[in-house]
Structures are given as C-alpha cells and as structure tokens.
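User: Could you take a close look at one part of this protein for me, namely the beginning of the chain, and explain how it is paired with its surroundings? Please place that part within the whole before going into detail.

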Amino acid sequence: MAPLLEVAELRVTYEGGVDAVRGIAFELDRGDTLAIVGESGAGKSTLAHSIMGLVQPPQASGSILLDGHELLGADERMLRSLRWSTVAIAMQGAPFNPVATVGDQIAEPLREHSVMSGSDAAHRAAELAEEVALAPALLERHPHELSGGERRRAMLAMTLALDPRLVILDEPVAGLDPETKAALLERMAAITERRGLALLVISHDLPAAARLAARSMVIYAGEVMEAGATAAVIECPAHPYAWALVNAYPVMTTTKDLRPIRGRPPDPRAVPRGCPFHPRCTQAEDVCGDRHPELAASRGRAVACHFGGLKELLRVTGVSKAYRRGGRSVQALEDASISVSEGEAVGLVGASGSGKSTLARIITGHLAADAGEILLEGAPLPRSWKRGARAVRRRIQLVMQDPWDALSPRLTVAELVREPLEIEPLEAGDDAAARVGEMLEAVGLPPTGAFLDTRAHELSGGQLQRIALARALVTRPKLLVADEPTSMLDPSEQARLLVILRERQAEMGLGLVLVSHDVAVVRKVTDRVVVLDGGRTVEDVRTEAFSASTASPAGRRLLAAASAFSPNSAGSAVEPEEDGG
Ligand code: SF4
C-alpha cells in the first residue's frame with residue numbers, strides 16, 4: 001500500500017531565484033513521526049506549506065502525493081477537501097479571530113467542513129478541549145485572555161477537529177516556559193500515539209523534536225543533510241552540519257560551552273555549488289566544492305557527505321606499554337583504546353598512574369607502544385620522523401603541562417612559534433612570519449611589534465602556555481593532545497586558554513584529546529570522556545552521561561573527588577592525585 005504522504009524531488013523556487021527547497025524526498029505513513037530540524041531559512045516552513053498545498057507550480061515542482069492525491073497542480077476544491085480532514089497544520093503564530101470566543105473558533109472547522117449542527121459542533125469543541133487539556137471555562141473567553149500555552153492548546157484542538165490523519169506542528173512549543181513546554185509536549189505525544197497520527201514536527205528546538213518524533217531529518221539550504229532515527233541523528237549526529245547544529249544547542253545535562261556554527265547560512269539566491277555546506281565545513285576538500293554529495297547510507301542513517309559524515313581523525317586500539325623500573329617491568333598501559341572525530345573534544349581522565357600521560361605521549365609519537373594500532377586519519381601513524389613521515393606526524397601536536405619545561409627560555413616569541421615550521425619547507429606562497437602572526441592573534445597575543453622579540457623567561461605562565469598552543473597550531477594540525485594544559489594556570493588564564501581551544505576547534509575542526517585530572521574542566525570542554533584505570537580503558541561515554549552514576553567505578557571515584565573539591569563543598573577528605581603515568 002502507498003504511504004499516506006509521499007514527497008519526491010520537491011523543489012520550491014520563489015520569485016527572484018530564491019531556492020527554498022532543493023530536491024527533498026521522504027515518506028510518512030500513519031503512526032510515523034518525523035521531525036524536520038535546521039537553522040532559520042533552511043526551508044522547513046516552505047516544506048510544511050507545500051504539504052498543505054499552499055505552494056504550487058510554477059514555484060514548486062516534483063511531487064507531493066497525499067493519500068494518493070497529487071497536491072502539486074491540484075485545484076482548490078481538491079485541496080479544500082484534503083485540508084483539515086486529511087492534513088492539518090498548527091501554525092506558529094497563527095492568528096485567532098480577536099472577537100470570537102475560543103470555543104467558537106475550535107468549533108468553526110466543524111461547522112464549515114462538516115454537516116454538524118451548531119450545538120453538536122460546540123459539544124465536539126468541548127471534547128477536543130478536554131483532549132488537549134484546555135480548561136472548559138476558557139472556551140468562553142477571547143484569545144487575548146489566554147496565555148501562550150493555552151493558545152497553543154486551543155490551536156491544537158482546532159487542528160484535530162476534523163480527525164486529520166497527518167498533522168503538521170510548526171514550532172509547536174517555541175517561546176513557552178519550560179514547565180508549559182514539557183506539559184504540552186507530553187500531551188501532544190500522547191494524542192499522537194492514541195490517534196495513530198502521522199506527525200510532522202517542524203522545529204529548531206531539538207529536544208522538543210526529539211520528544212515528539214521517532215525519526216529526524218536535518219535540512220540545510222533546502223536539502224536533506226542527514227535523516228534517520230532520532231536517537232541517532234539528534235544524540236549522535238554524523239553529518240558535519242548536524243553535528244554543529246546539535247553542538248550549538250544548550251543541553252541541561254551538561255555544563256559544556258555552546259559552540260556556534262562557523263560562518264553563515266548561504267543566501268538562498270546563491271547557494272554554493274557542490275555541497276551547500278562546504279564554505280562552513282571544517283573537513284571540506286576540493287571535491288566538496290565541485291560535486292554535489294547524494295544522500296547515502298552511513299552509520300545506520302542517511303548522510304549527504306562525500307566522506308559519509310564526520311571523519312575519524314584518530315583511532316587507537318589495544319595499545320600496551322611496559323616500563324622497566326628498578327629491574328622490574330611495570331605495565332603502564334594494557335589494551336588501551338580511544339578515538340577522536342573531526343572537531344570532537346575527548347577528555348582522557350584517570351587517577352594517578354592510570355596511564356593517561358603515557359597514552360598521550362604514544363599518540364603524539366613521543367613514545368613507542370609495545371603493541372596495538374594507532375590510525376591517524378585512517379592510516380597507520382608512521383613510527384619514524386623520516387622525510388615524508390614528518391608531514392603526517394605533524395598532523396598531531398602535543399601541548400605539555402608545564403610551558404617552562406617545553407619552551408626554551410633563550411628563544412624569542414617569534415622564534416618559538418616559528419620553530420616547528422623550520423623542520424619542513426613551507427608550501428609556495430606560504431609565509432612563515434604571516435603564519436606566526438596569525439597564530440599569535442588566534443591565541444590572543446600581539447601578532448606584531450616588540451612582543452615578538454620578548455624572550456620566554458620574561459613572560460607569564462599564561463602567556464607561555466598560549467605560546468605553546470600557538471606553536472602547536474602553527475603547523476595546522478588536525479589533532480591536538482593537551483596534557484593538563486591549564487594545571488599551572490590561575491583560573492582566569494585557564495578560562496582564557498580553554499575558550500581559545502574551543503574557538504580553534506570550531507574554526508579548524510581540530511580534534512582534541514584533553515588529558516586532565518580536573519573533571520570540572522573536562523565536563524566544561526569535551527564531548528566525550530574516556531576513563532583509564534590501571535592502564536586500561538574502562539569507560540568511553542558522552543560527557544553529559546559522565547555523572548555521579550557513570551558506569552565505571554574509576555569514573556565515579558573521580559567525580560566524587562571532584563565534587564568534594566568544588567567551591568560549594570564544605571571540605572573533603574579526598575586528596576588530589578598527581579599523575580605519574
Ligand atoms: Fe559537505 Fe564535504 Fe563537509 Fe561532507 S566534508 S559535509 S561533503 S563539505
């Protein structure tokens with residue numbers, strides 16, 4: 001049997017060459033729930049209006065089959081027979097009649113589109129009000145006497161009046177307070193399930209979309225970037241745009257900073273050729289500007305990306321390392337694993353001697369592993385620093401805990417930042433001095449003038465650590481391993497450095513492994529947490545799930561110790577630990 005709604009190759013171009021929807025296709029059947037999410041101007045509302053038959057050729061092309069009827073090109077009589085009874089929309093900010101009572105307005109579609117008498121319509125309006133949890137007394141009031149939440153319930157009652165099989169909710173809870181929003185979402189979800197509705201939710205509110213829809217579709221510049229089960233798309237996005245969109249959304253379960261999406265959405269009159277997201281994508285390659293990526297199966301959902309979505313920058317599997325100490329072999333790492341994707345920040349945490357610093361040094365090639373595999377951008381990390389291998393290895397950089405140890409006091413600022421560039425000749429047209437200035441500016445230090453000639457010993461710890469960061473970034477790495485980078489800094493300098501790191505991530509798509517025993521910092525900065533205990537990886541979890549009830553005992557101990565040391569804690573018996581790993 002054909003699905004209730006079948007959208008194929010839908011294109012909408014408004015006057016002036018505004019490409020609002022560019023080749024969207026999907027199906028929806030009774031009981032299916034789909035959220036369409038994306039930034040403002042992505043084409044969400046145009047899509048909804050098209051499904052209501054409000055956008056017609058020549059602006060729209062393709063096909064929209066609703067219950068077997070083609071909406072594009074259908075006459076107004078046909079469209080009227082389908083609206084309300086087959087498809088109905090609860091529009092954001094839809095105007096109410098200010099002089100009619102709410103009850104009259106809920107009954108209006110019943111009177112106009114069915115043969116119901118006035119009293120039957122009023123009776124049915126009262127039932128609908130009960131269904132959407134609108135107090136009966138409010139039916140006698142006028143719209144301006146209702147709160148925002150009550151107006152949404154009234155709108156929902158109107159939408160449901162003629163028992164439509166497909167309901168479109170356009171920004172159903174935008175602008176409501178959290179309590180009202182939660183109650184309304186609960187009610188909408190219950191109604192959807194009880195009536196077996198096909199539901200299309202148009203929203204930029206990701207949690208609201210996730211609450212109502214089992215499937216989600218992320219659109220950008222009028223195209224689908226990613227589509228699949230909501231649990232995958234919203235909680236673990238694969239497409240770089242979907243990932244950026246999710247990261248830009250505040251989540252109550254984590255204290256992590258918000259990360260705006262770099263750049264701006266394209267002008268719909270001049271959408272870039274190739275992948276429309278390529279000017280904003282940190283992992284774009286030449287092919288992205290030349291060739292349009294098709295939606296294809298990747299990681300259990302459909303993704304429109306030439307690389308199947310976010311690239312994996314680092315995969316470390318089964319790494320082991322033993323040291324000789326006092327004639328004895330001490331196992332520092334045993335079957336340790338970690339992975340990092342484009343733009344992702346992963347916190348590597350563990351108690352003293354857990355092996356986190358050893359792992360950091362192995363990943364960055366400063367120490368050889370006894371066993372295991374390290375893949376950098378899909379290829380084995382070269383074991384040598386020979387010519388050819390150097391360029392690959394420079395894609396990973398290490399920032400050490402103590403900048404006084406890492407930086408020569410004899411060198412000037414300019415020399416310190418330029419030094420990594422001297423190992424390999426720069427590409428034609430690349431200027432070392434310009435790169436040095438660019439990196440100093442990126443870490444918030446003066447890029448020109450006398451500061452460049454200052455020697456390391458004349459600088460503060462915070463300035464030195466920022467220079468160490470500029471020095472690591474000057475080779476344009478893809479992965480940065482920062483080993484307790486803020487532990488020697490005062491809180492103000494620590495905050496400054498962490499903000500700089502987040503900015504560089506957003507700009508460069510830099511992968512970050514943040515080695516730290518400071519769980520508060522890790523929770524603030526990272527997307528995922530990997531816990532090491534006795535040299536083994538005992539937990540790999542999304543940061544918002546790294547809480548007091550986290551899976552591993554080692555993780556719970558770290559969190560308990562961190563809470564005991566929080567400024568609000570009344571002291572603690574837990575001693576801070578030095579990492580000897
Ligand atoms: Fe688009 Fe290329 Fe980025 Fe994939 S990598 S999202 S194809 S720009």
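Analyst: Of the contacts in the protein with a separation of 6 or more, 65% are between residues that stand 24 or more positions apart. The model is a predicted one, and its secondary structure consists of 19 helices and 22 strands. Of the 581 residues in the protein, 52% are buried, and the C-alpha trace spans about 95 × 60 × 50 Å along its principal axes.

With that setting in mind, we can turn to the part you asked about. Strand 1 covers residues 5-14 and is joined to strand 4, residues 60-66, by six bridges, with the two strands running antiparallel. Within this pairing, E6 of strand 1 has L65 of strand 4 standing opposite.

Strand 1 also pairs with strand 2, residues 18-28, again in the antiparallel sense, and here eight bridges connect the two strands. Y14 has V18 in strand 2 as its bridge partner. Strand 1 and strand 2 form a hairpin with three residues between the strands, and in this hairpin G16 takes a positive phi near 85°.

When you follow these strands in the picture, it helps to keep a general rule in mind: along a regular strand, side chains point alternately to one face of the sheet and to the other. To sum up the pairing, strand 1 is bridged in the antiparallel sense to strand 2 and likewise runs antiparallel to strand 4.

Key. Residues numbered from 1 in each chain as written. Predicted model: local features only at pLDDT ≥ 70, side-chain atom pairs only at ≥ 80, totals over all residues. Heavy atoms only, no water. Helix = DSSP H or I, 4+ residues; strand = E, 2+ residues; numbered from the N terminus. Buried < 20%, exposed > 50% of the residue type's maximum accessible area, 1.4 Å probe, protein only. Contact = heavy atoms within 4.5 Å. Pairing = 2+ DSSP bridges.
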